[in-house]
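Here are a few notes to read with the structure open beside you. I've put the internal spaces at the top, then moved on to a strand and a helix.

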Amino acid sequence: MVDLVVRSRRVITPDGETPAAVVVEHGRIVAIRPYDATASAASDVDLGDTVLAPGLVDTHVHVNEPGRTEWEGFATATRAAAAGGVTTIIDMPLNSLPPTVNAEALRIKQAAATGQCHVDVGFWGGAIPGNAADLPALHAAGVFGFKAFLADSGVPEFPPVDREQLAAAMAAADALFVIHAEDPDHLHDAASSPAYADFLSSRPADAEHAAVATAIAVARAANRRVHILHLSAASALPLIAQARADGVRVTAETCPHYLTLDAGRIPDGATEFKCCPPIRDAANADRLWAALADGLITCVVSDHSPCTPELKRQDTGDFAAAWGGIASVQLGLPVIWTAARDRGHALAEVVSWMATRPADLAGLPDKGRIAVGADADLVAFDPDATFVVDAHALHHKNPVTPYAGKTLHGVVRTTWLRGRPVTGAEKHGHFLTKGHR
């Protein structure tokens, strides 16, 4: 007798969508059989026409615990992830105190997360001025790579690096470097204003374009892997395409808000839409969709970066003063599926963008796919059901989201982590390190 069989007439595998029965033993997928195959299992779940997809992998999540747990914590962030079909997150190194910039800080963060996680959790390390000597030990302790900002991060304990400091970091550690690519020389101080257009003008596309060029140049010289985080400006895409053609190991991601929201439709004072880099116009989003479809942008992740309503300045509507970040780890799948289906994309493509490719980016071959030998991270997803987003019904700590009131397609019915349900109160999450098996 095996532990679990999950059947569906629509199972999304690396070879496409097919009827199948997924057989699970000891947390791993041990067989994929025909939909109506006989099996002796402790639990046999038949989803019928509800889709069975792999659990999503979100490699860009800010949990903020310890230190700023009032913004977000491991219990709330990972419960929101599970409710949204996300079974693996990788936590960013800043906004928590201390930031994850040395091995001791990593141990502090892991201690804070212990016993709280509904899904599996990994960690990025941080590259800041002066910590290059700490990076080899931090990498050996298990972080998946190193995040660096080329512009102000918004918190003083995680300062940006310049070109020379980024080069020193890359020289110190043979690792993946993930870059917040905005060039400070192209940014302007935003005047206090409730108008989104005033904020947008302070962070032009040229800032991303210049910073992407810097990141590529440093990675080229150091022969390092580099990944451009939360690409907003489509004008930088030709730089990435040319660098890849030249053999530079560069990839890029984008986020649901850049693909689905339109700068021209953001109301005055709606600071829940503020993020950095900013949401741009619909024509820019069309170019991001095209790059995603042809593989130039490799994955879609949330950049879940919440804070308190007070820091979002929802009382004043001042974009200049508001914290920049969007909370969306629970909503990424239906947000992207709603837009993708309207553009003619198949659900299997969405799974590739949000599960398989992020897993590949982080080096997690056992995640993000329904395949024999992979972890049994599974999602029952009803792609035709709809719901209206109620911010107060979401599981992240503070009920702030730019998607409030929107009607979305796609409802997560059940999430399994290594074969165990985690959609409710269950906390079965493990810590992941590079080379996880």
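1. Start with the largest cavity of this predicted model. Its lining is made up of 13 residues, and those nearest the centre are Leu56, Asp58, Val86, Ser302 and Met354. Two elements, β6 (56–61) and α10 (332–342), each give two or more residues to that lining. The largest share comes from β6, with three residues.

2. What sort of residues face that space? Nine of the lining residues are nonpolar, three are polar and one is charged. The space itself comes to about 80 Å³.

3. The structure has two cavities of 30 Å³ or more. The second largest holds about 50 Å³, and among the residues lining it are Glu272, Cys307, Lys312, Ile326 and Thr401. By class, that lining splits into six nonpolar, two polar and two charged residues.

4. Now have a look at strand β5 (residues 51–54), which is covered on both faces: Val51 and Ala53 are buried on one side, Leu52 and Pro54 on the other. β5 runs antiparallel to β15 (residues 378–388), and four bridges join the two strands. For Pro54, the bridge partner in β15 is Leu378.

5. Last, Ile216, which sits in helix α6 (residues 205–222). Is Ile216 buried or exposed? Its relative accessibility is 5%, so Ile216 counts as buried. Leaving aside residues up to four places away in sequence, Ile216 touches Leu239, Ile240, Ala243, Val248 and Val250. As for Ala236, 20 residues from Ile216 along the chain, the two C-alpha atoms are 11 Å apart.

Terms used. Residues are numbered from 1 along each chain as its sequence is written. This is a predicted model: local features need pLDDT of at least 70, side-chain atom pairs count only at pLDDT 80 or more; totals for chains, interfaces and linings use all residues. Side-chain values use heavy atoms; hydrogens and water are left out. Buried means under 20% relative accessible area, exposed over 50%, partly exposed in between (1.4 Å probe, protein chains only). Contact means heavy atoms within 4.5 Å. Two strands pair if DSSP finds at least two bridges between them. On a 1 Å grid over the protein atoms alone, a cavity is a set of points where a 1.4 Å probe fits but cannot get out, and a pocket is an open set with protein on both sides within 12 Å along at least five of seven lines; lining residues have an atom within 4 Å of a point. Grid points are joined across faces, edges and corners, and a volume is the space filled by probe spheres set on the points. Ala, Val, Leu, Ile, Met, Phe, Trp, Tyr, Cys and Pro count as nonpolar, Asp, Glu, Lys and Arg as charged, and the others, Gly among them, as polar.
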